[in-house]
Amino acid sequence: MRNNMWWGYSESLDLQNEISQKDSRVLKNLEILIVGASDARHIVKTLASSYMHPDRVITYHVIESTLEQVARSILLLNICLQKDLGLQEATRYYLEILGNTLLRPATAKYLTKCTKQLLDISTCTIDCPWLSLENFKYKDRDHLESIFKFWARATHEGIPIINYWDCRIRKLLKTRYEYREGIFDWDYYMVLKPRGIFNLTIQEYKFWRNNGVAFTWLEGEPVRSNPTLLNNIIQYGSGFLHYAYLGDIVNGPFFTWAASERIDKKLRATDIAEGELMRTIHEIKMKKSLCEDYIGAHRDSSILNGPVVTEMPDNEMELESWINTDNKMDKEKISWVEVPNHKIIFHPASSLELFKSKSEYIDRYHLIWVAHNMTKQLANLAPLVSTGASVIVELSKYVADLRKEDLQNFNKELKETMQKNGLRSTYDFDSNEHTLARLCKD
């Protein structure tokens, strides 16, 4: 299991739309397994769309390769479900934490306050009605607590994440580093653009490739490091160790919310993602669709065509120290939107090997979603899906470091794997054209 992904490479799905028609008519309790999604987008989208479906209880079983990914998913879900966050406020907090190495000060202050509140969830000392961590061992829950503590501390003290990012680029490009602008142009125009990325502008993509800031707005400069993008966080005495930044530096976080069918040539990927996520959070909270006029009401039409941030902030601003005060307000109980028919259960990564030997998990799931880098796990997953149910596999279409022949090899290997494990495709998928393969268990 690869541990360097912080976001997915396919659009967010309403998973209830993916249930077979037979199951959709009769199921009152829906069991879904999500493997390696790297973020909470499918759960968020399914929560938002639930008001359009018959009432049923949905249990989401989630497996990620690292506890840092689990912690980030909890944080992103919390942003969408927290009652006292405004719509635009929640949307931008979510996108920045999801995909930016640097955060605006308001987002950073929210992150420090929120992570202190989430500490008690990780140790199960307060009840979170939509979340279960009971399948983790005590040491894993303690590790989750350490991750939240590190995030709060690192946001205050600052970490040189831009230096980490630049080191990754130098290591990747080696002697070609001085020509990186041309390499970024090539990846955009010759790889991603032909694969159908309509609203991702060259300015947005190159700005992210250079420094890891994907989503930008005119209102406020991103100046505080985002510690949720660091790997292998370990508490060591009174401090912490971490392994810098190991994440994606080629593709970007644009495909989770910006790969929309709502094409408007005036809008950047940032604008598309903001609109999609704003609709989604509104639906979660209000159980109805959002007026389209509202989405653009806060935007000045004169700044829609092109990114509004094209230069990095002053380095001294990013490293400016904050005073870390123990504010009792930080420990106030979080109030969430009620989602009584939805439960999110996280499982340790070892479950992928263990489930197939436990009778309670055989033929259990009505839908399984699998990330593109987890397809080798289909042998472990096929026994878990019920007969006639769907398995959705993310394809590698938006992985820019894979060329056409690589995608063809991916298609071939996936087809061989699914046939060996009693799965068939519902259409002739192709990673050059499709973002998802939809399989069925006979």
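So, lysine 441: in this predicted model that residue is buried, at a relative accessible area of 13%. Its side chain meets the side chain of aspartate 363 in a salt bridge, 3.1 Å from N to O. What parts of the chain does this pair link? Distant ones: lysine 441 belongs to strand β12, residues 436–441, while aspartate 363 sits in the loop between α13 and β9, and the two are 78 residues apart. On the aspartate side things look a bit more open, since aspartate 363 has 41% relative accessibility and counts as partly exposed.

Okay, stay in that loop and go to arginine 364. The side chain of arginine 364 meets glutamate 31 in a salt bridge too, at 3.5 Å, N to O. Here the sequence gap is 333 residues: arginine 364 is in the loop between α13 (351–354) and β9 (365–370), and glutamate 31 is in strand β1, residues 29–35. Arginine 364 comes out partly exposed, with 25% relative accessible area. Is glutamate 31 buried or exposed? Buried, at 17%, with the cut-off for that word being under 20%.

While we're on β1, have a look at leucine 33, which is found in that strand. Leucine 33 is buried with a relative accessible area of 0%. What does leucine 33 touch, leaving out residues up to four places away in sequence? His61, Ile63, Tyr365, Leu367, Ile368, Trp369, Leu381 and Leu384. And if you check leucine 33 against arginine 364, you get 331 residues of separation in sequence but 9.5 Å in space, C-alpha to C-alpha.

Now the sheet. We have an open sheet of 8 strands with mixed pairing, and the order is β4-β8-β2-β1-β9-β10-β12-β11. At the edges are β4 (131–132) and β11 (423–425), each of which pairs on one side only. Read along that order and you'll find β1, β9, β10 and β12 in a row, so let me walk you through the β10 part, because 8 of the 10 residues of strand β10, residues 385–394, are buried and the strand is largely enclosed by the rest of the structure.

How many bridges join β9 and β10, and in which sense do they pair? There are 5, in the parallel sense. Tyrosine 365 stands opposite valine 385 in β10; tyrosine 365 is also one of the residues that leucine 33 touches. With β12, strand β10 runs antiparallel, and 5 bridges join that pair. Over there glutamate 394 stands opposite leucine 436 in β12. Keep glutamate 394 in mind, please: salt bridges that share partners join Asp39, Arg41 and Glu394 into one network.

How many salt bridges does the structure hold? 18. One more of them I'd like to show you is between helices. The side chains of lysine 206 and glutamate 181 meet at 3.1 Å, N to O. That pair links helix α9, residues 202–211, where lysine 206 sits, to helix α8, residues 180–192, where glutamate 181 sits, and the two residues are 25 apart. Lysine 206 is buried, at 18%, whereas glutamate 181, at 34% relative accessibility, counts as partly exposed.

Helix α8 is also where you'll find tryptophan 186. Tryptophan 186 is partly exposed, with a relative accessible area of 48%. Together with Tyr189 and Met190, Trp186 makes a nonpolar surface patch of about 370 Å².

Last stop, helix α10. This one has 18 residues, 269–286, and at 1.5 Å a residue they should span 26 Å. The end C-alpha atoms are 25 Å apart, which agrees. And why do I call α10 largely enclosed by the rest of the structure? Because 16 of its 18 residues are buried. After α10 comes lysine 287, and if you look at the backbone there, the phi of lysine 287 is positive, near 60 degrees.

Okay, to pull it together: go back to the loop between α13 and β9, where aspartate 363 reaches lysine 441 in β12, and arginine 364 reaches glutamate 31 in β1. That's the bit I'd start with when you open the model.

Terms used:
Residues are numbered from 1 along each chain as its sequence is written. This is a predicted model: local features need pLDDT of at least 70, side-chain atom pairs count only at pLDDT 80 or more; totals for chains, interfaces and linings use all residues. Side-chain values use heavy atoms; hydrogens and water are left out. Helices (H or I, at least four residues) and strands (E, at least two) are DSSP runs, numbered from the N terminus. The expected span of a helix is 1.5 Å times one less than its number of residues. Buried means under 20% relative accessible area, exposed over 50%, partly exposed in between (1.4 Å probe, protein chains only). A salt bridge is a side-chain nitrogen of Lys or Arg within 4 Å of a carboxyl oxygen of Asp or Glu. Two strands pair if DSSP finds at least two bridges between them. Contact means heavy atoms within 4.5 Å. Patches are made of residues with over 30% relative accessible area and no salt bridge: like charges are joined within 9 Å, nonpolar side chains (Val, Leu, Ile, Met, Phe, Trp, Tyr) within 5 Å. Accessible areas come from the Shrake-Rupley method with a 1.4 Å probe; for residues, only the protein chains shown count as cover.
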